[in-house]
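Work through the exercises below with the sequence and the 3D structure open. Each task is followed by a solution in steps.

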Amino acid sequence: MIIKVSTKSLKVGMYISNPGMSEVSNPNVFLSEGEITTDLVLQKIASSNYSDTFIDTEKGVYFAKHKKKKQEIESLFSSTENLDNLDPSDAQTFDCILESIDFAENQYTQLIEDCKKLILAAKESGNIDTSPTYKLVDHLINNDNQTNYAMMFLSNLRGHDEHTYTHCINVALFSTMFGKYLSLGPENLIHLGFAGFYHDIGKLKISDKIIKGTKKQSAKDLLEFQKHPLYSYDMLSKQCTIPDDILRAVLEHHENYSGTGYPCKKQRNDISPQASLISIVDTFDSLKSERSYRMSVSPHKAISAIFQSKGAAFSPSLVDKFVKFIGIYPNGSIVVLKNNKKAIVMSQNIKSLLYPVVRIVLDENNRHCEPQDIDLYEAKDIDDKHHIIDVLDAKDCRLHISAYIKTKGKSLKL
Ligand SMILES: [Fe+2]
Ligand SMILES: [Fe+2]
């Protein structure tokens, strides 16, 4: 496929093609055929008087690399059973994000505010105020699914930094929604939400220096950091009304399926099912957040990392279920299509998790364009220009998104 692009959006490894145009009649179009092999060549073209050029997406290492990446993603997730032809009830709830986005945005902000008050109160008094927490979790569970899925969408889209209260809300939200997906009963959901909310409360007992520490923590600091599940357990168990399964979930949220976690090196079925679930959700949210020692990653990279730790850190069957619940390209991910357009993943596709429904928001030259909605499953057999070739990390995604998700998109005619 040959597409016209601005010289500013060229990348090393792209192959410049001349579709039979004359250089004399097109002085602003760069027409010297060949692959861009170095940054120097790229800079020369970008700083020249040429405004546009043509690239051939079938040639050059840039697209070959992405094609390989696409194949790797497909083979990575191929061990998950029934990735295609999902039960419609698995995915239908993802479809109504647009309708709920305003309401969900306000709710999400309010929940983070409420969380801040509860955590600060716990910090000051050293005690957990259980009744407003149960109220918050109860509210989260009884919210309609549409609003909760829209909040999950917003959380994936934005990413967040480490030092916010967003992590507590996200872990409670994603845990309870995953629990609903697994058809857990109401009491189980409340306990999951409560444990998800307070799983890291013990970090209040650890100095900021250690919590915000760099990648190269000393062995002593690391040991202290790894005590936070114990501290969470101690703080919560002071309230004698908190049920045992909540305490266990909090205590065991860093235990690994293979027995290499902490604090007790428990393994497999010795780890409580709630802790196993929270551990996956916690990792998913932590990877999406920025740390002092690493940048945030896209929701797609986070789910890929979890998938690769199947059987090591996490229970294999639970990981498979989480992938089906959240998708391979989770809602809110920003993807790059083969025609160089950028799109937001709006909903999962019941026919295959590899081909979500997306909204194109930036054109091939990274200019804002009128939103266009496209079902990538329907598009895949027509041509390959709408294949996903890359996913942008959260740090690259801080586009002004609200303008794109609040307007009605035009359906793209294929
Ligand atoms: Fe933790
Ligand atoms: Fe956490």
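The exercises cover two metal sites and a cavity. The model is predicted, so local features need pLDDT of at least 70 and side-chain atom pairs pLDDT 80 or more, while totals for chains, interfaces and linings use all residues. Residues are numbered from 1 along each chain as its sequence is written, chains are lettered from A and ligands numbered from 1 in the order in which they are written, and side-chain values use heavy atoms, without hydrogens and water.

**Exercise 1.** Identify the protein donors of the iron ion (ligand 1) and their arrangement.

Step 1. Donors are N, O and S atoms within 2.8 Å of the metal (3.2 Å for Na, K and Ca); water is not among the atoms, so sites may look incomplete.

Step 2. Asp200 (OD), His228 (NE2), His253 (NE2) and His254 (NE2) lie 2.2 Å from the iron ion (ligand 1). Along the chain, their spacing reads D-x27-H-x24-H-H.

Step 3. Four donors are tetrahedral if all angles lie between 85 and 135 degrees; four are square planar and six octahedral if opposite donors are over 155 degrees apart and all others between 65 and 115; anything else is irregular. The 4 donor atoms here subtend angles of 86 to 177°, which makes the arrangement irregular.

**Exercise 2.** Do the same for the iron ion (ligand 2), and find the residue that bridges the two ions.

Step 1. The protein donors of ligand 2 are His167 (NE2), His199 (NE2), Asp200 (OD) and Asp282 (OD), at 2.1 to 2.3 Å.

Step 2. Angles of 78 to 176° make this set of 4 donor atoms irregular. The donor spacing in sequence is H-x31-H-D-x81-D.

Step 3. Histidine 167 belongs to helix α7 (residues 166-181) and aspartate 282 to helix α13, so the pair ties together parts 115 residues apart in sequence. Helices are DSSP runs (H or I, at least four residues), numbered from the N terminus.

Step 4. The bridge between the two iron ions is aspartate 200, and the ions lie 3.8 Å apart.

**Exercise 3.** Are aspartate 200, histidine 167 and aspartate 282 buried or exposed?

Step 1. Buried means under 20% relative accessible area, exposed over 50%, partly exposed in between (1.4 Å probe, protein chains only).

Step 2. Aspartate 200 has 14% and is buried. Histidine 167, at 10%, is buried, and aspartate 282, at 3%, is buried.

**Exercise 4.** Which helix gives the most to the lining of the largest cavity?

Step 1. A cavity is a set of points on a 1 Å grid over the protein atoms alone where a 1.4 Å probe fits but cannot get out; lining residues have an atom within 4 Å of a point.

Step 2. Helix α2 (residues 61-77) gives the most, with 3 residues.

Conventions
Helix = DSSP H or I, 4+ residues; strand = E, 2+ residues; numbered from the N terminus.
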